[in-house]
Amino acid sequence: MNINPKEGYIENPSGKTKRYCQYLKLNPETIEEYKYWHSNRNIWKEIPEGIKKAGILNMEIYTLEDKAFMIVETPVDFNWDEAFGRLATYERQAEWEEFVAKFQEAGEGKRSDEKWQLMERIFKL
């Protein structure tokens, strides 16, 4: 997916939703491999299936140097703790978190919601 970021990303609005933004520091030596495993053709099929099953409508990850930024879009009634608790039990999810931990500087043995840091919105147009 080599899209020029200046061209933007076309989206289809899905009605009234909530958005969460998260940050994670990546291992500088493994960023290209991290990108490889997160491409639509290489990610394990169970991972996006589990994300959707947990109630997440859309999830995007962006990178800049050794930083990763994630946007999570959910229904308005989404409960973060409950959903990520369920997600951690889904097929291959723990295995995936262990696999991608080597690309992340967030510590091994943690669930996704323990590694990614939620960010506070400080501006909205």
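**View 1. Lys25, a partly exposed residue in strand 1.** In this predicted model, Lys25 has a relative accessibility of 32% and therefore counts as partly exposed, as the value lies between the 20% and 50% cut-offs. The residue belongs to strand 1. Leaving aside residues up to four places away in sequence, Lys25 touches Asp66, Gln104 and Glu105. Ile43 makes a handy second landmark here: it lies 18 residues from Lys25 along the chain, and the two C-alpha atoms are separated by 20 Å.

**View 2. The open sheet of 4 strands.** Let's step back to the sheet that holds strand 1. Its 4 strands follow the order 2-3-1-4, with antiparallel pairing, and the sheet is open. Strand 2 and strand 4 (residues 117-118) are the edge strands, each pairing on one side only. Strand 1 (residues 17-25) and strand 3 (residues 67-75) run antiparallel and are joined by 9 bridges. If you would like one pair to follow across these two strands, take Tyr20, whose bridge partner in strand 3 is Val72.

**View 3. Strand 2 beside strand 3.** Strand 2 covers residues 58-64 and pairs with strand 3 over 7 bridges, again in the antiparallel sense. Two pairs are good places to look. Ile61 stands opposite Met70 of strand 3, and Thr63 has Ala68 of strand 3 as its bridge partner.

**View 4. Glu65 at the turn of the hairpin.** Strand 2 and strand 3 form a hairpin with 2 residues between the strands. Glu65 sits in this loop between strand 2 and strand 3. Which sign does the phi of Glu65 have? The angle is positive, at about 55°, although Glu65 is not a glycine. With a relative accessibility of 61%, Glu65 counts as exposed, because the value is over 50%.

**View 5. Arg92, between two helices.** Arg92 is placed in the loop that runs between helix 3 (80-87) and helix 4 (93-100). Here is another residue other than glycine with a positive phi, this one near 70°. Is Arg92 buried, partly exposed or exposed? Its relative accessibility is 30%, so Arg92 counts as partly exposed.

**View 6. Thr30, a buried loop residue.** Thr30 is found in the loop between strand 1 and helix 1 (31-38). Its relative accessible area is 15%, which is under the 20% cut-off, so Thr30 is buried. What does Thr30 touch, not counting residues up to four places away in sequence? The contacts are Lys102 and Phe103.

**View 7. The second largest pocket.** This close-up shows about 330 Å³ of space. Strand 1 and strand 3 are the elements that give two or more residues to the lining of this pocket. Strand 1 supplies the largest share, with 3 residues. The lining is made up of Arg19, Tyr20, Cys21, Phe69, Ile71, Leu118, Met119, Glu120, Arg121 and Lys124. Sorted by class, that gives 6 nonpolar and 4 charged residues, with no polar ones. You may recognise Tyr20 from View 2: this lining residue is the bridge partner of Val72 in strand 3.

How values were computed
Residues are numbered from 1 along each chain as its sequence is written. This is a predicted model: local features need pLDDT of at least 70, side-chain atom pairs count only at pLDDT 80 or more; totals for chains, interfaces and linings use all residues. Side-chain values use heavy atoms; hydrogens and water are left out. Two strands pair if DSSP finds at least two bridges between them. Buried means under 20% relative accessible area, exposed over 50%, partly exposed in between (1.4 Å probe, protein chains only). Contact means heavy atoms within 4.5 Å. On a 1 Å grid over the protein atoms alone, a cavity is a set of points where a 1.4 Å probe fits but cannot get out, and a pocket is an open set with protein on both sides within 12 Å along at least five of seven lines; lining residues have an atom within 4 Å of a point. Grid points are joined across faces, edges and corners, and a volume is the space filled by probe spheres set on the points. Ala, Val, Leu, Ile, Met, Phe, Trp, Tyr, Cys and Pro count as nonpolar, Asp, Glu, Lys and Arg as charged, and the others, Gly among them, as polar.
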